[in-house]
Amino acid sequence: MATRSTRKARKPAADTARPEAARAPAPAPADDWDSVALAPLSGRWLLAGRDGRLTAYARTEGGLLRWTERAPGGPDWSGPDLFPAPDLTDLAVGQGPDGYAHFVGRRRRRSPDAEGVTVTYHHAVQYQTGRPPAPWQDLGTLYRKPEMSHRGGPPAVAVDARGGAHVFVRNAGRGIHMKCQDAKGNWGDWEDLHGSKAFEGISAASTADGRVVLAAPGEKGISLWTRSAPGSSVDRGEDLPFLAQDGSSVALETAPGRFTHFWHAADGSGVLAHREGAGAHALGGGPASGAVAATRALVDGHDCTVLALRTVGGRTALAAYPTEHEAAGLWWTEIGEEGLESPALALDAHGRVVVASLGARGELLVNRQKDRAALSLGRWQRF
């Protein structure tokens, strides 16, 4: 899909890494009327590219918005740039070990006979920081029967060690469907992973070596699926017997090949963490909405897990504790102003924690750790 703007597009830089990226048009600044972000993308919407620059992604009416650091470590950002994607909603983003950003969106359109709605899924890749995504690919519908094709939920995406995207969707039976790429980037068929009574807000993640995990909160707890290596079977794990808010879960690699899962308790009591062999830990934070954000950072030389959430009052709250030592305790501190949905966390090119959220007017808000000896932040910047 071409980039649309009434302003003159910038001349694209040379790109020999991927012919798909070279054929795509250069991004152009979005006009005022279509530059307002409606919500961040599902998944980790603040990503570090291979050149060290951070990129933030959001959806707007009719497209994908993107802000990009002008230099590794900031502080200045360009954007928002608009990449039109007509009728695509529920955009999700994922990133693999190769650093490429994969986008998946859901499109709902009325059938030609006007008797129903057809839901299709679409995929695009951004290969380099600051470059436009390649053209969108149509991934089709979950079912061949027209009467069932409208019942697919929002997508989640994770990327394996070979750079193959895995797309997960809550299906008509409230189980999970998956579609993934092989080593050459070719897409297989939609596969039913089964499951039951899942909510729509599922989440997917991958480890540094490309292991893929899916977490699906539901009426009976959190269902887990894992693919340990590209091309291997997708195995159903043991369900976590905890009720989570729809769309609140995130998985973080806290040791090589090992995930810790975080989510908002359904009763509003705060964040819970669970890791295989370690059980569940209550981390506080109180009532919140959206997904928990999580990353790891060195703070005063210690490996720490940093968490962020959106409080019921709309402000971002931040906390940290020594990685995999939940018993050490943590304290939540509210920062910033009222924002839209879930905040995001990432490390910049200098290893500093960066917190991002979308302001109430749809702009990007960014704060950065001042000193790696402490988790103290600077002033919020608005873009």
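Start by selecting Tyr100, which is buried, with a relative accessible area of 14%. Keep in mind throughout that this is a predicted model.

**Stop 1: two tyrosines and a ring pair**

Now add Tyr127 to the selection; this residue is likewise buried, at a relative accessible area of 14%. What is the geometry of the rings of Tyr100 and Tyr127? Their centres lie 4.9 Å apart and their planes meet at 85°, so the pair is edge-to-face. Tyr100 sits in the loop between S7 and strand S8 (101–110), while Tyr127 is in the loop between strand S9 (117–126) and strand S10 (137–140), so the pair links parts of the chain that are 27 residues apart.

**Stop 2: the sheet beside them**

Next, select the strands S7, S8, S9 and S10. They form an open sheet of 4 strands in the order S7-S8-S9-S10, with antiparallel pairing. Its edge strands are S7 and S10, each of which pairs on one side only. On average, neighbouring strands here are turned by 25° against each other, direction ignored. Zoom in on the middle of the order: S8 and S9 run antiparallel and are joined by 10 bridges. To see the register, show Val104, which stands opposite His123 in S9.

**Stop 3: a turn before S7**

Step back along the chain to Asp87, in the loop between S6 and strand S7 (88–95). Asp87 has a positive phi, near 70°, in a residue other than glycine. Is Asp87 buried, exposed or partly exposed? It counts as partly exposed, at 41% relative accessibility.

For a companion example, jump to Asp300, in the loop between strand S23 (288–299) and strand S24 (302–311). The phi of Asp300 is positive too, near 55°. Asp300 is exposed, with a relative accessible area of 51%.

**Stop 4: cis prolines around S6**

Return to strand S6 and show the backbone. Gly74 and Pro75 are joined by a cis peptide bond, with omega about 10°. Pro75 lies in the loop between strand S5 (63–69) and strand S6 (77–84). Where is the cis bond that involves Pro80? It joins Gly79 and Pro80, again with omega about 10°, and Pro80 itself is found in strand S6.

**Stop 5: Trp77 and the end of the chain**

Stay with S6 and select Trp77, which counts as buried at 5% relative accessibility. The aromatic pairs number 5. In one of them, the rings of Trp77 and Phe383 have centres 6.1 Å apart and planes at 45°, so the pair is tilted. Trp77 belongs to strand S6 and Phe383 to the segment after strand S31 (381–382), so this pair ties together parts that are 306 residues apart in sequence. Phe383 counts as partly exposed, at 22% relative accessibility.

**Stop 6: the nonpolar cores**

Trp77 also leads into the largest nonpolar core, which has 30 residues; Leu41, Trp45, Leu46, Trp67, Trp77, Phe103 and Leu364 touch the most other members. Strand S4 (residues 54–60) gives the largest share of this core, 4 residues. Another core lies apart from it, with 15 residues, among them Val250, Leu252, Val292 and Leu309. In soluble globular proteins, nonpolar side chains tend to be buried together.

**Stop 7: strand S29 and its partners**

Now select strand S29 (residues 364–371), where 6 of the 8 residues are buried. Which strands does S29 meet? Strand S28 (residues 353–359) runs antiparallel to S29, with 5 bridges joining them, and Ala356 has Val366 as its bridge partner in S29. The hairpin of S28 and S29 has 4 residues between the strands, and Gly362 there takes a positive phi near 90°.

Val366 also stands opposite Gln381 in S31, and 2 bridges join the antiparallel strands S29 and S31. At another point, Asp371 stands opposite Ser376 in S30. S29 and S30 form a hairpin with 4 residues between them.

**Last stop: the whole molecule**

Zoom out to see the full protein, whose secondary structure comes to 1 helix and 31 strands. Of its 383 residues, 54% count as buried. The protein exposes about 16,500 Å², and carbon and sulfur atoms supply 49% of that area.

Technical notes:
Residues are numbered from 1 along each chain as its sequence is written. This is a predicted model: local features need pLDDT of at least 70, side-chain atom pairs count only at pLDDT 80 or more; totals for chains, interfaces and linings use all residues. Side-chain values use heavy atoms; hydrogens and water are left out. Buried means under 20% relative accessible area, exposed over 50%, partly exposed in between (1.4 Å probe, protein chains only). Accessible areas come from the Shrake-Rupley method with a 1.4 Å probe; for residues, only the protein chains shown count as cover. A nonpolar core is a set of buried Ala, Val, Leu, Ile, Met, Phe, Trp, Tyr and Cys residues joined through side-chain atoms within 4.5 Å. Rings of Phe, Tyr and Trp (its six-membered ring) pair if their centres lie within 6.5 Å; planes under 30 degrees apart count as stacked, over 60 as edge-to-face and the rest as tilted. Two strands pair if DSSP finds at least two bridges between them. Axes are lines fitted to C-alpha atoms, for helices over the stretch in contact, and angles run from 0 to 180 degrees between N-to-C directions.
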